[in-house]
Amino acid sequence: MEEAKSEFAKHIGGLNTKKINDSSYEFYAEVKDINLNTSKIAHGGFICSIADTGMGTAAHQVAGERRCVTINLNLKFITAAKLGETLSGKVKILKKTKTLVFINCEINNAKDIVVSASGTWKIL
């Protein structure tokens, strides 16, 4: 397990990543008080950020540690995440070309799917 190194990841409460194999990765984040919206559930921007960071980290690794930037990110919010929950993201690399990485991701709490995400990363 490796902690995401970016200052942004630290700013939003931290994110731990793990390579399972060449096409599967996982990440974990805890919903903290700083991540809540006024309804006392995880802010959509927080969920989007951990999805982007977790999937982007996988893109970076599958691209041989080359820089990658998000060019498309699609999220479907399914269930609210609450304070204290650990969210786990399961990342699947669908395809890597010379210049692009296509990725799917599902983020879950202990019981439910919280978000289904997909995106495309440009290898620089």
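# A walk through the predicted fold

Let us start with a pair of charges: Glu26 and Lys90 form a salt bridge, with their closest N and O atoms 3.3 Å apart. Because Glu26 sits in strand β3 and Lys90 in strand β5, this pair ties together parts that are 64 residues apart in sequence. A salt bridge here is a side-chain nitrogen of Lys or Arg within 4 Å of a carboxyl oxygen of Asp or Glu. Strands (E, at least two residues) and helices (H or I, at least four) are DSSP runs, numbered from the N terminus.

Before going on, a word about the model. It is a predicted one, where local features need pLDDT of at least 70 and side-chain atom pairs count only at pLDDT 80 or more, while totals for chains, interfaces and linings use all residues. Residues are numbered from 1 along each chain as its sequence is written, and side-chain values use heavy atoms, with hydrogens and water left out.

Back to the charges. Glu26 counts as buried at 15% relative accessibility, whereas Lys90 is partly exposed at 37%. These words have fixed limits: buried is under 20% relative accessible area, exposed is over 50%, and partly exposed lies in between (1.4 Å probe, protein chains only). The count comes to two salt bridges. Lys19 and Asp22 also meet through their side chains in a salt bridge, at 3.1 Å from N to O. In that pair Lys19 is partly exposed, with a relative accessible area of 46%, and Asp22 is exposed at 57%.

Now let us turn inward. The largest nonpolar core has 31 residues, and Phe46, Ile47, Ile50 and Leu87 touch the most other members. Such a core is a set of buried Ala, Val, Leu, Ile, Met, Phe, Trp, Tyr and Cys residues joined through side-chain atoms within 4.5 Å. At least two residues of this core come from each of β3 (24-30), α2 (44-62), β4, β5 (86-96), β6 (100-108) and β7 (113-123). The largest share, seven residues, is supplied by α2. Leu87 makes a good vantage point: leaving aside neighbours within four places in sequence, its contacts (heavy atoms within 4.5 Å) include Phe46, Ile47 and Ile50. Among the other residues that Leu87 touches are Phe27, Tyr28, Ala29, Ile107 and Val114.

What about the cysteines? The structure holds zero disulfides, a disulfide being a pair of cysteine sulfur atoms within 2.5 Å. The sulfur of Cys68 is 16 Å from the closest cysteine sulfur, in Cys105, so it is too far for a bond. For Cys105 the closest cysteine sulfur is in Cys48, at 11 Å, which is also too far for a bond. Cys68 is buried, with a relative accessible area of 19%, and Cys105 counts as buried at 5%.

On the outside, Val69, Ile71 and Leu124 make a nonpolar surface patch of about 270 Å². Of these, Ile71 has its place in strand β4 (residues 68-77). Patches are made of residues with over 30% relative accessible area and no salt bridge, with like charges joined within 9 Å and nonpolar side chains (Val, Leu, Ile, Met, Phe, Trp, Tyr) within 5 Å. The areas come from the Shrake-Rupley method with a 1.4 Å probe, and for residues only the protein chains shown count as cover.

The loop between β5 and β6 is our next stop, and Thr97 lies there. Thr97 is partly exposed, with a relative accessible area of 26%, and is in contact with Phe102 and Ile123, leaving aside neighbours within four places in sequence. Thr97 and Ala63 are 34 residues apart along the chain, with their C-alpha atoms separated by 9.1 Å. Lys98 is found in the loop between β5 and β6 too, and is exposed at 75%. Not counting residues up to four places away in sequence, Lys98 touches Arg66 and Ile123. Lys98 and Lys111 are 13 residues apart in sequence, yet 38 Å apart in space, C-alpha to C-alpha.

We finish with the backbone. Most residues other than glycine have a negative phi. Lys40 has a positive phi, near 65 degrees. Lys40 lies in the loop between β3 and α2 and counts as exposed at 56% relative accessibility. Glu65 is not a glycine either, but has a positive phi of about 70 degrees. Glu65 is found in the loop between α2 and β4, exposed with a relative accessible area of 52%.
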